[in-house]
Amino acid sequence: MHRGRIWLIVLAVIVFATIVVARLPLRWLLPALPTGLACASAAGSLWHGACDGFSVDGQTLGDLRWQLRPASLLRARLDSDFQLVRERMRIMGRLQLSPGGALTLLDTQALLPLERAYLPALPADLGGQADVLLRELQWRDGKVLVLQGEADAHDLRQPQSGAALGNYHVDFPETRAEPRGTLRDDGGPLEVNGEIVLTGEPGFTVNALVRARADAAPQLQEQLRYLGLPDAAGRYSLSIAGTF
């Protein structure tokens, strides 16, 4: 048999097997989920499915829905439009998973509360709402490789004291080495200008100059004094570092 025809037959078998697996009932495929991923209940198929109570390492993220893009299966990768919903949180966009383990989000929008119930890494005394647009985010082995997008934090506050912190904007232009973004206030009691850098640990650093406006609450002005001495313009230096 001609070698070219053999390869056509092999390709046809691979395509057929891929389509069959993709259309299997999702509940049959749950035992094959990677360690740490779980569904409370599942419906549909790998092709077009739903996972209610989707969780990662025991933390419930919400109810997940997706629709695979068929051509991606021929390239041995997953490419899917998705939606993740949980009470006041909504995330929708496009997700790609490559054979090497890189995870990429494209044209993804998110609306979520800035609360520890949704983002455990946040300080306990912080509340608000965030709107996020990720044009591209590539993640592998816990490290952000590519980041382009922006985010707005609205009505930040300290719930325990009732102090209002204002609104803020973060912008990450396209970067492919140690992503850097600008941070600024968008109105409120604090004037903030600074930079956010995602480091390779993986982690992050925030460096900013902060100044209280005339209408800032007295307790907020008092908190700024813990940052040290201000410069000649009355701005305090704020530095924060952490790991993911």
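Let's start at a turn: strands β3 and β4 form a hairpin with two residues between them, and one residue in that turn, aspartate 57, has a positive phi of about 50 degrees. This is a predicted model, so keep in mind that everything here is read from computed coordinates. The positive phi catches the eye here, since aspartate 57 is not a glycine. You'll find aspartate 57 in the loop between β3 (48–56) and β4 (59–68). Is aspartate 57 buried or exposed? It counts as exposed, because its relative accessible area is 65% and the cut-off for that label is over 50%.

Now follow the two strands away from the turn. β3 and β4 run antiparallel and are joined by seven bridges. One of the pairings to look for is glycine 49, whose bridge partner in β4 is tryptophan 66.

Glycine 49 also leads us to the other neighbour, β2. In β3, glycine 49 is the bridge partner of glycine 44. Four bridges hold β2 and β3 together in the antiparallel sense, and these two strands make a hairpin as well, with three residues between them. There is yet another partner for β3: strand β1 runs antiparallel to it, with two bridges between them. Here you can spot alanine 38 standing opposite serine 55 in β3.

This corner of the model is also where the disulfide sits. How many disulfides does the structure hold? Just one. It is formed by cysteine 39 and cysteine 51, with their sulfur atoms 1.8 Å apart. Cysteine 39 lies in the loop between β1 (37–38) and β2 (41–44), while cysteine 51 is in strand β3, so the pair ties together parts that are 12 residues apart in sequence. A disulfide, by the way, is a covalent bond between the sulfur atoms of two cysteines. Turn the view to look along the link of cysteine 39 and cysteine 51, and you'll see that it is left-handed, with -120 degrees about the S-S bond. The two ends sit in unlike surroundings: cysteine 39 is partly exposed, with a relative accessible area of 22%, whereas cysteine 51 is buried, at 0%.

Back to β4, and on to what comes after it. Strand β5 (residues 78–86) runs antiparallel to β4, and six bridges join the two. Leucine 64 is a good place to look, as its bridge partner in β5 is leucine 84. From β5 the pairing carries on to strand β6 (residues 89–97), again antiparallel, over nine bridges. Arginine 86 stands opposite methionine 89 in β6. The hairpin of β5 and β6 has two residues between the strands, and glutamate 87 there takes a positive phi near 45 degrees.

A further positive phi turns up in strand β7, where aspartate 107 is placed. Its phi is near 45 degrees, and aspartate 107 is a residue other than glycine. Aspartate 107 is exposed, with a relative accessible area of 59%.

Stay in β7 (residues 103–113) and move along to leucine 111. Which residues does leucine 111 touch, leaving aside its neighbours within four places in sequence? The contacts are Arg88, Met89, Arg90, Gln129, Ala130 and Asp131. Met89 is a residue we have already met, standing opposite arginine 86. Leucine 111 is partly exposed, with a relative accessible area of 36%. For a sense of spacing, its C-alpha atom and that of leucine 133 are separated by 9.2 Å, while the two residues are 22 apart along the chain.

Next comes the inside. The largest nonpolar core has 38 residues, and those that touch the most other members are Leu64, Leu147, Leu156, Tyr168, Leu183, Leu190 and Val192. Leu64 is the residue paired with leucine 84 in β5. Take leucine 156 as well: not counting residues up to four places away in sequence, it touches Leu114, Leu126, Gly127, Gly128, Ala164, Leu165, Gly166 and Tyr168.

We can finish at glutamine 158, in strand β9 (residues 143–158). Glutamine 158 is buried, with a relative accessible area of 12%. Outside the residues up to four places away in sequence, glutamine 158 touches Asp125, Ala163, Leu165 and Gln223. With glutamine 223 there is a polar contact too, 3.3 Å between the side chains.

Key
Residues are numbered from 1 along each chain as its sequence is written. This is a predicted model: local features need pLDDT of at least 70, side-chain atom pairs count only at pLDDT 80 or more; totals for chains, interfaces and linings use all residues. Side-chain values use heavy atoms; hydrogens and water are left out. Buried means under 20% relative accessible area, exposed over 50%, partly exposed in between (1.4 Å probe, protein chains only). Contact means heavy atoms within 4.5 Å. A disulfide is a pair of cysteine sulfur atoms within 2.5 Å. Two strands pair if DSSP finds at least two bridges between them. A nonpolar core is a set of buried Ala, Val, Leu, Ile, Met, Phe, Trp, Tyr and Cys residues joined through side-chain atoms within 4.5 Å. A polar contact is a pair of N or O atoms within 3.5 Å; within protein, one must be able to donate a hydrogen and the other to accept it, and residues adjacent in sequence count only if both atoms are side-chain atoms.
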